[in-house]
Amino acid sequence: MIWRALGYRLTQALVVALLVGVLSFLMMQALPGDMAFRIAAGRYGYDMVDAAAAAAVRTELGLDRPAWQGFLIWLGDLARLDLGVSVISGRPVWAEIRHQLGASLHLAGVAVILSALIGPPLGIWAGLRAGGWLDRGLLVVSAALRAVPQFIMGLILIVLVSIQLGWLPAAGHGQARHVVLPALTLALGMAAVSARVARDAMAEVAARPFYAFGRWKGLTEGQMLRRHGLRNIGVAMVTFLSLQFVMLVEGVVVVESIFGWPGIGHALVHAIFGRDVPMVQGTALLLGLGFVVLNALTDLLARLIDPRGIPA
């Protein structure tokens with residue numbers, strides 16, 4: 001069973017790699033403008049670019065040949081586990097991504113921790129008191145936070161916390177205080193949804209007969225929560241945390257650009273503007289494979305928490 005699951009995930013990874021490569025390549029080719037001019041501008045700056053510089057870049061990179069040949073070259077490099085070279089910086093794509101991924105993982109890790117500290121505890125508390133004032137208030141706050149786009153939330157925090165109160169810097173990298181605002185921007189949206197997921201799962205468990213029987217036996221609320229509540233809502237929370245990765249990727253691209261965070265999302269935006277096709281393909285491929293790995297880990301954790309819920 002385990003080998004069959006691993007084979008399925010490997011096949012899924014290969015399909016994802018092919019689809020991501022094709023789609024990202026086609027979308028980059030479909031962008032308007034002269035690709036050679038954009039690449040030359042990324043290398044030398046827009047003030048230093050002329051027709052001669054664009055022509056030199058076109059000849060150097062072979063942009064005058066059919067696009068499908070460039071795609072086949074990329075597939076050949078990928079088969080050798082080589083993501084190619086950035087046409088802007090001239091450095092290997094993997095070296096660029098490795099540097100930027102560290103910054104993104106740092107930001108994402110802090111955001112997930114903040115989200116876990118805010119959302120699930122409030123959701124569990126509200127679920128144990130379903131229908132109460134906390135439950136109703138949490139619903140309103142969660143809906144409001146989830147409805148606010150990430151870039152709006154980031155701008156609000158910059159204006160209030162950085163400009164008006166002067167507590168934290170609006171941008172920067174390298175110190176602990178630089179990560180607070182971008183991480184909080186990501187965490188608030190995720191906490192809004194995780195609170196509702198935890199609330200619904202906890203309310204469903206608390207309404208079951210075995211939970212009432214625990215009260216009848218004289219167990220305290222804390223004992224019932226530790227022995228019966230957390231384990232029974234564990235699968236729902238683990239599954240949702242994997243879905244939060246989608247929200248995290250969606251938000252990281254925007255939030256890193258707003259706060260000037262030197263991560264993979266910020267680099268992806270600049271690569272798209274600079275027509276750095278190898279960088280875009282490599283970044284998109286890494287993010288796509290991340291989804292596959294995360295799904296595999298989610299299945300494994302769900303099986304460990306509750307083997308009854310996973311078919312053999």
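Q: Which residues line the largest cavity, and which helix supplies the largest share of that lining?
A: In this predicted model, the lining includes Leu 145, Arg 146, Val 148, Pro 149 and Gln 150. Met 153, Thr 185, Leu 188 and Gly 189 line the cavity too. Helix 6 (133–147), helix 7 (150–164) and helix 8 (176–206) each supply at least two residues. The largest share, three residues, comes from helix 8.

Q: What is the volume of the largest cavity?
A: A probe the size of a water molecule, rolled over the atoms, shows where empty space is left. The count comes to one cavity of 30 Å³ or more. The largest cavity has a volume of about 50 Å³.

Q: What is the volume of the largest pocket, and which helix gives the most to its lining?
A: The volume of the largest pocket is about 670 Å³. Its lining has 32 residues, and the closest to its centre are Leu 61, Leu 63, Arg 65, Val 87 and Pro 278. Two or more lining residues come from each of helix 1, helix 2, helix 3 (51–61), helix 4 and helix 12. With six residues, the most comes from helix 4.

Q: What distance separates the end C-alpha atoms of helix 4?
A: Helix 4 has 13 residues. At 1.5 Å a residue, they should span 18 Å. The computed distance agrees with that, because the end C-alpha atoms are 19 Å apart.

Q: Which residues of helix 4 are buried, and what arc do they cover around the axis?
A: The buried residues are Phe 71, Trp 74, Asp 77 and Leu 78. They sit on the same side of helix 4, because their arc around the axis is only 120°. An α-helix has 3.6 residues a turn, so residues three or four places apart point the same way. For the buried residues of helix 4, the arc is 120°.

Q: Which residues on the other side of helix 4 are exposed, and which residue with positive phi follows the helix?
A: On the other side of helix 4, the exposed residues are Trp 68 and Ala 79. Past the end of helix 4, phi is positive, near 60°, at Leu 81.

Q: Which residues touch the most other members of the largest nonpolar core?
A: This core has 27 residues. Helix 1 (2–30), helix 2 (35–44), helix 4 (67–79), helix 5 (93–128), helix 11 (264–273) and helix 12 (277–305) each give two or more. Helix 1 gives the most, six residues. The members that touch the most others are Leu 83, Ile 97 and Leu 285.

Q: Which residues does Leu 83 touch, beyond those up to four places away in sequence?
A: Some of its contacts are Trp 74, Leu 78, Val 93 and Trp 94. The others are Ile 97, Pro 278, Gly 282 and Leu 285.

Q: How many residues are in the other core?
A: This core lies apart from the largest one. Among its residues are Leu 157, Val 179, Leu 188 and Phe 259. The count is 19 residues.

Q: Is Ala 111 buried or exposed?
A: Ala 111 is in helix 5. It touches Ala 183, Leu 186, Ala 187, Met 190 and Leu 248, leaving out residues up to four places away in sequence. Its relative accessibility is 0%, so Ala 111 counts as buried.

Q: How far apart are the C-alpha atoms of Ala 111 and Ala 191?
A: Along the chain, Ala 111 and Ala 191 are 80 residues apart. In space, their C-alpha atoms are separated by 9.5 Å.

Q: How many helices and strands does the chain have?
A: From the N terminus on, the elements run α-α-α-α-α-α-α-α-α-α-α-α. The chain has twelve helices and zero strands.

Definitions and conventions. Residues numbered from 1 in each chain as written. Predicted model: local features only at pLDDT ≥ 70, side-chain atom pairs only at ≥ 80, totals over all residues. Heavy atoms only, no water. Core = buried A, V, L, I, M, F, W, Y, C linked by side-chain atoms within 4.5 Å. Buried < 20%, exposed > 50% of the residue type's maximum accessible area, 1.4 Å probe, protein only. Helix = DSSP H or I, 4+ residues; strand = E, 2+ residues; numbered from the N terminus. Contact = heavy atoms within 4.5 Å. Expected span 1.5 Å × (residues − 1). Arc of directions from axis to C-beta. 1 Å grid on protein atoms, 1.4 Å probe; cavity = no way out; pocket = protein on both sides within 12 Å on 5 of 7 lines; lining within 4 Å. Points joined across faces, edges and corners; volume = space filled by probe spheres on them.
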